[in-house]
Amino acid sequence: MLILGIDTSCDDTSVAVLKNRNILSNIVSSQIKFHSKYGGIVPEIASRKHIEWIWDATEKALSEAKTDLKDIDLIAVCYGPGLIGSLLVGLCFAKSLSYASGKPLVGVNHIEGHIQAIFLEKSYPEYPFLCLIVSGGHTSLYRVNDFGAYKELGRTRDDAAGEAYDKVAKMLGLGYPGGPVIDALAKEGCNEKFNLPRPYLHGSLDFSFSGLKTAVKVLLKNLGYKEGNVPDEIKKDIAASFQASVVDVLIEKIKWAISSEKLNRVVITGGVAANSELRRRAEMLKDKGINVYLPSKSLCTDNAAMIAITGYNKFLKGEISDLFLNARAYLPL
Ligand code: KG4
Ligand code: ZN
């Protein structure tokens with residue numbers, strides 16, 4: 001079965017083709033250069049770029065997969081959560097393709113897509129497992145009992161971890177997105193130079209990163225630096241100290257959840273799961289008898305292959321959407 005997957009939930013225009021669970025193509029057209037000067041995503045620009053690029057991304061995905069639209073058996077599209085204008089572009093495009101071709105349409109939740117991304121890899125867990133989704137829009141822990149059976153154990157009460165990375169990067173004058181830049185810079189800095197707080201929220205599996213962000217703001221003020229104008233050496237140490245705090249909290253919460261849920265498998269996914277320090281520390285959990293599953297970096301960040309595999313699994317369960325499917329900015333799992 002050939003599945004066409006589409007994700008336009010935020011700032012990446014992504015189209016993929018899968019043959020059952022195998023990726024034939026996974027095109028991700030990044031809009032970053034159009035947003036970076038604003039220090040974050042500008043929704044209006046994102047929607048317009050999706051409109052300009054969606055057809056081109058689809059042609060590229062089909063040609064890389066050496067296939068044609070008429071050979072596609074199923075169209076899977078992300079319909080939320082995300083930026084409403086961005087989602088609408090992918091959804092309207094997918095509905096039009098489905099209507100014109102008569103091919104079935106399946107709407108996919110973006111968060112479920114991130115969870116299912118691990119099943120695109122050679123090594124994937126059996127159910128049940130713990131899943132930490134850590135991205136620009138989400139930081140949540142789920143107990144995943146089966147395909148489609150998700151129990152939320154905790155979520156961020158304020159900023160997502162990726163959002164905190166992006167905001168701290170902005171304070172340091174590092175541009176958008178902040179995650180990859182802080183990740184690289186932290187390697188050159190000392191993570192003990194500044195003692196930033198660890199928001200553990202003892203007794204809860206929720207997260208809170210806005211206080212940590214504020215702590216960086218206060219630190220810069222106390223050091224006498226203006227936001228966006230920080231010497232390189234200090235930037236490195238702040239990046240390393242900030243990252244150490246985020247990773248400490250994420251790893252600790254995984255341990256708590258593994259223990260309280262009596263699980264021994266964890267999947268870490270979403271854009272921040274591409275972080276090298278988080279990946280390094282996650283690998284160390286194996287010493288504690290925990291089986292750790294990390295999608296490759298390109299499958300951690302937003303991509304349409306994760307939407308396609310989720311759509312395929314939903315289709316196999318008989319879940320099909322109709323043309324009344326609407327985009328949802330807020331869409332819990
Ligand atoms: O999953 P994703 O591509 O989009 C959302 O669904 O949000 O995640 C994007 C987020 C951004 O906040 C970005 O700064 C962060 O993931 N990110 C990283 C890294 N690569 C991307 N954060 C830390 N380290 C990275 N290497
Ligand atoms: Zn995402």
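1. Leu 120 counts as buried, because its relative accessibility is 12%, below the 20% limit for that class. In this predicted model, Leu 120 sits in the loop between H4 and strand S6 (129-134). A long-range pairing you may like to look at is Leu 120 with Val 267: the two are 147 residues apart along the chain, and their C-alpha atoms are separated by 13 Å.

2. Staying with the loop between H4 and S6, Pro 128 also lies there. The peptide bond that joins Tyr 127 to Pro 128 is cis, with omega at about -5°. A cis bond is also found from Tyr 176 to Pro 177, where omega is near -5°. Pro 177 is placed in the loop between helix H5 (161-171) and H6. Both spots deserve a look when you go through the backbone.

3. Now to the metal. Which residues coordinate the zinc ion (ligand 2)? They are His 110 and His 114, each through NE2, and Asp 302 through OD, at 2.0 to 2.1 Å. Along the chain, these donors follow the spacing H-x3-H-x187-D. The pair His 114 and Asp 302 links distant parts of the chain, 188 residues apart: His 114 is in helix H4 (residues 110-116), while Asp 302 is in the loop between helix H10 (297-300) and helix H11 (305-316). Both His 114 and Asp 302 are buried.

4. Why is the arrangement around the zinc ion (ligand 2) irregular? The four donor atoms subtend angles of 93 to 140°, and a tetrahedral label needs all angles to lie between 85 and 135 degrees. The upper end of the range is therefore outside what a tetrahedral site allows. Please keep in mind that water is not among the atoms, so sites may look incomplete.

5. Next, the second largest pocket, which has a volume of about 150 Å³. Its lining includes Asp 183, Lys 187, Asn 191, Gln 243, Ser 276, Glu 277 and Arg 280. Helix H6 (178-186), helix H8 (232-261) and helix H9 (276-284) are the elements that give two or more residues to this lining. By class, the lining of the pocket has three nonpolar, four polar and four charged residues.

6. On the cysteines: how many disulfides does a search of the whole structure find? The count is zero. Cys 92 is in no disulfide, and the nearest cysteine sulfur, that of Cys 78, is 13 Å away; a disulfide would need the two sulfur atoms within 2.5 Å. Cys 92 counts as partly exposed because its relative accessibility is 40%. Cys 190 is partly exposed as well, with a relative accessible area of 35%.

7. Finally, two residues with positive phi. Leu 201, a residue other than glycine, has phi near 45°. Leu 201 lies in the loop between H6 and helix H7 (210-223), and counts as partly exposed at 25% relative accessibility. Lys 262 is not a glycine either, yet has a positive phi of about 55°. The place of Lys 262 is in the loop between H8 and strand S9 (265-269). Is Lys 262 buried or exposed? Lys 262 is exposed, because its relative accessible area is 73%, over the 50% limit.

How values were computed
Residues are numbered from 1 along each chain as its sequence is written. Chains are lettered from A and ligands numbered from 1 in the order in which they are written. This is a predicted model: local features need pLDDT of at least 70, side-chain atom pairs count only at pLDDT 80 or more; totals for chains, interfaces and linings use all residues. Side-chain values use heavy atoms; hydrogens and water are left out. Donors are N, O and S atoms within 2.8 Å of the metal (3.2 Å for Na, K and Ca); water is not among the atoms, so sites may look incomplete. Four donors count as tetrahedral if all angles lie between 85 and 135 degrees; four count as square planar and six as octahedral if opposite donors are over 155 degrees apart and all others between 65 and 115; anything else is irregular. Helices (H or I, at least four residues) and strands (E, at least two) are DSSP runs, numbered from the N terminus. Buried means under 20% relative accessible area, exposed over 50%, partly exposed in between (1.4 Å probe, protein chains only). On a 1 Å grid over the protein atoms alone, a cavity is a set of points where a 1.4 Å probe fits but cannot get out, and a pocket is an open set with protein on both sides within 12 Å along at least five of seven lines; lining residues have an atom within 4 Å of a point. Grid points are joined across faces, edges and corners, and a volume is the space filled by probe spheres set on the points. Ala, Val, Leu, Ile, Met, Phe, Trp, Tyr, Cys and Pro count as nonpolar, Asp, Glu, Lys and Arg as charged, and the others, Gly among them, as polar.
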